[in-house]
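Below are some notes on the model, set out as numbered points for a colleague to read alongside the coordinates.

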Amino acid sequence: MDSIATLYVVATPLGNLADMVPRGLEVLQMVDRIAAEDTRRSAPLLAHFGVTTPMFAYHDHSGSRDTERLLDVLRGGGSVALISDAGTPLISDPGFRLVDAALAEGFRVSPVPGPCAVIAALSAAGLPSDRFSFEGFLPAKEQGRRKQLLGLSGETRTLIFYEAPHRLLESVRDIADCMGDDRVVVLARELTKLYETVVRKSAAELAAWIAEDRNQQRGECVLLVAGYQPLPDALPVDALRYFDVLRAELPMKQAAALAAKLTGVKKNRFYQYGLEHPLKN
Ligand code: SAM
């Protein structure tokens, strides 16, 4: 391992300590300072592996003084390792500002890859993984969450969300409402831990399953949603969105005519769609 001033970005286990990668341990032992999201949360990990390097609390709200203190270690020729409570720093976790500042000053930034919930979940979900979109956490409030889900309903890539356990059920219900009851959703919960669960069902079935078993509303979870798969003769998702707004306010014939004018799609297709798919109240 070289000794030029370097900021190492080190992944740590998601739950199972045996997932700590050997090079990560070497780096944590060798650096001058460990920047940790929460020093109390990281202390047991370091103690377990006998790492004695001094820790320093760092999160993105730390303010520029804390960033400066860490940059000073690098400016003095030392090295710093950045860790978060679990998984890979910067992935829905702090560190962006520090990495950005270190690069801006010309310091070397080096990743030590390892556990990451989004990748672990995707690897076991059985959904297309050649292209995917990681969306971080959904908005906590219903209105914002539904708006975001509606905006993503035509996305053809696999979608991945982190979710808090107490919002899991509402979110899966909103996915069913905004993307369709039949959309395939995977819940990946407590990965690498005792109660690890990976379950794949339609959105409506998954919501019912979670509602029935309160244990599923505990622990840490990732939701993965199969991408939208347009049928060969399906109406474009954007066109349908216009049509749905219009037919909620107007008689269907008029809504179909207006949607046709707005989108260039034939009005009969909207009309036929409207007959086959009545609006839900
Ligand atoms: N940086 C972390 C990573 O690399 O995955 C993610 C940090 S984010 C603050 C925490 C979220 O990650 C949790 O709310 C959950 O959605 C997900 N997560 C973390 N550990 C998990 C696990 N063992 N099983 C399932 N999801 C997990």
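1. I begin with a pair of helices, keeping in mind that this is a predicted model. The crossing of H10 and H11 is right-handed. The axes of helix H10, residues 252–263, and helix H11, residues 267–276, come within 8 Å and cross at roughly 135°, and H10 is therefore oblique to H11.

2. Which residues of H10 and H11 meet? From H10 the contact takes in Met252, Lys253, Ala256, Ala257, Ala259, Ala260 and Thr263, and these meet Lys267, Phe270, Tyr271, Gly274 and Leu275 in H11. By character, the residues of this contact divide into 8 nonpolar, 2 polar and 2 charged.

3. Turning to the interior, the largest nonpolar core has 22 residues, and those with the most contacts inside it are Phe161, Ile175, Met179, Leu187, Leu206 and Leu223. Two or more residues are given to this core by each of helix H6 (142–152), strand E7 (158–163), helix H7 (168–179), strand E8 (184–189), helix H8 (203–212) and strand E10 (221–225). The largest share, 7 residues, comes from H7.

4. Ile175 deserves a separate look. If its neighbours within four places in sequence are left aside, Ile175 is in contact with Leu149, Gly180, Val185, Ala203, Leu223 and Val225. A second core, separate from the one just described, consists of 17 residues, and Tyr58, Val99, Ala101 and Phe107 are among them.

5. Is Ser42 buried or exposed? Ser42, whose place is in helix H2 (residues 39–48), has a relative accessible area of 3% and is therefore buried, the cut-off being under 20%. Beyond its neighbours within four places in sequence, Ser42 is in contact with Ala36, Met55, Ile83 and Ser84.

6. Ala117 lies in helix H5, which covers residues 117–125. With a relative accessibility of 16%, Ala117 also falls under the 20% cut-off, so it counts as buried. Setting aside its neighbours within four places in sequence, the contacts of Ala117 are with Leu14, Tyr162, Leu191 and Val222. As for distance, the C-alpha atoms of Ala117 and Ile34 are separated by 22 Å, and these two residues are 83 residues apart along the chain.

Methods: Residues numbered from 1 in each chain as written. Predicted model: local features only at pLDDT ≥ 70, side-chain atom pairs only at ≥ 80, totals over all residues. Heavy atoms only, no water. Core = buried A, V, L, I, M, F, W, Y, C linked by side-chain atoms within 4.5 Å. Buried < 20%, exposed > 50% of the residue type's maximum accessible area, 1.4 Å probe, protein only. Helix = DSSP H or I, 4+ residues; strand = E, 2+ residues; numbered from the N terminus. Contact = heavy atoms within 4.5 Å. Axes fitted to C-alpha atoms, helices over the stretch in contact; angles between N-to-C directions. Parallel < 35°, antiparallel > 145°, perpendicular 65-115°, else oblique. Left-handed = near helix turned anticlockwise from the far one by under 90°. Nonpolar A, V, L, I, M, F, W, Y, C, P; charged D, E, K, R; others polar.
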